[in-house]
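Please work through the following exercises with the sequence and the model side by side. Each task is followed by a solution that proceeds step by step.

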Amino acid sequence: MSCAITSGLIEPDGGVVFETQYFHAHQDVAYPIKGLIILAYKRHIKSFDELTEEEKTDYIHVLTKIRQAQREILNIEYVYYFYNEDTFHHFHTWMVPRYEWMYEFGRSIESVRPALLHARNHMNDTKNMEEVMTAINLLKKELNE
């Protein structure tokens, strides 16, 4: 799936949020949380240390640009960043915003998985999905100007 998304064969719901020569950013709407972004590398690598110097610079630039837009456009105060190396597809980083409703699951890193599952299982209603799509469009507009 990651190969198909990063190569443009499949367009994720809401479309591409931002793209560079090396990276592709989109929202995984399976977890309908406004501003949740997955930043995926287009080449098949598994680890951060496999990036060239030019790619590392682009990665930091894109990550920073997205984070700034999350803060300024969506008023997201806190974000959790995750990337794992035990994957069979492209290197990618999850940027998971922290919202007030998530505190019922705790305040630490252990609270993120239950919050993601809660969003997937209980937040797929029409109203929330419209808000997620609006957030995607706002980020796209800001990031692609």
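Contact, as used throughout these exercises, means heavy atoms within 4.5 Å. This is a predicted model, in which local features need pLDDT of at least 70 and side-chain atom pairs count only at pLDDT 80 or more, whereas totals for chains, interfaces and linings use all residues. Residues are numbered from 1 along each chain as its sequence is written, and side-chain values use heavy atoms, with hydrogens and water left out.

**Exercise 1. The chain as a whole**

Task: Determine how many helices and strands the protein chain has, and in which pattern they follow one another.

Solution: Begin with the assignment, in which helices (H or I, at least four residues) and strands (E, at least two) are DSSP runs numbered from the N terminus. On that basis the protein chain has four helices and five strands, and reading along the sequence gives the pattern α-β-β-β-α-β-β-α-α. Next, take the contacts between residues at least 6 apart in sequence: 58% of these join residues at least 24 apart. Finally, of the 145 residues in the protein chain, 46% are buried, where buried means under 20% relative accessible area, exposed over 50% and partly exposed in between (1.4 Å probe, protein chains only).

**Exercise 2. The largest nonpolar core and I66**

Task: Find which residues have the most contacts inside the largest nonpolar core, and state whether I66 is buried or exposed.

Solution: A nonpolar core is a set of buried Ala, Val, Leu, Ile, Met, Phe, Trp, Tyr and Cys residues joined through side-chain atoms within 4.5 Å. The largest such core has 40 residues, and F23, L36, L39 and I66 are those with the most contacts inside it. Among the elements that give two or more residues to this core are strand 2 (23-26), strand 3 (37-41), strand 5 (92-98) and helix 3 (112-122), while the largest share, six residues, comes from helix 2.

Turning to single residues, I66 is found in helix 2 and counts as buried because its relative accessibility is 0%. Not counting residues up to four places away in sequence, I66 touches A25, I37, L39, M95 and L143. I66 and L39 are 27 residues apart in sequence, with a C-alpha to C-alpha separation of 9.3 Å. For L36, leaving aside neighbours within four places in sequence, the contacts include Y31, W94, M95, V96 and L116.

**Exercise 3. The packing of helix 2 against helix 4**

Task: Establish at what angle helix 2 and helix 4 pack, and which residues make the contact.

Solution: Two packed helices are described by the angle between their axes and the distance between the axes. Axes here are lines fitted to C-alpha atoms, for helices over the stretch in contact, and angles run from 0 to 180 degrees between N-to-C directions. Helix 2 (residues 53-74) and helix 4 (residues 126-143) pack at an angle of about 120°, with their axes 10 Å apart. That angle makes helix 2 oblique to helix 4, since angles under 35 degrees count as roughly parallel, over 145 as roughly antiparallel, 65 to 115 as roughly perpendicular and the rest as oblique. Helix 2 contributes K65, I66, A69, Q70, E72, I73 and L74 to the contact, and helix 4 contributes A135, L138, L139, E142 and L143.

**Exercise 4. Residues outside the core description**

Task: Locate N75 and K56, and classify the accessibility of each.

Solution: N75 lies in the loop between helix 2 and strand 4, and at 65% relative accessibility N75 counts as exposed. Most residues other than glycine have a negative phi. N75, although not a glycine, has a positive phi of about 60°. K56, by contrast, lies in helix 2 and counts as partly exposed at 25% relative accessibility. Leaving aside neighbours within four places in sequence, K56 is in contact with F48 and L51.
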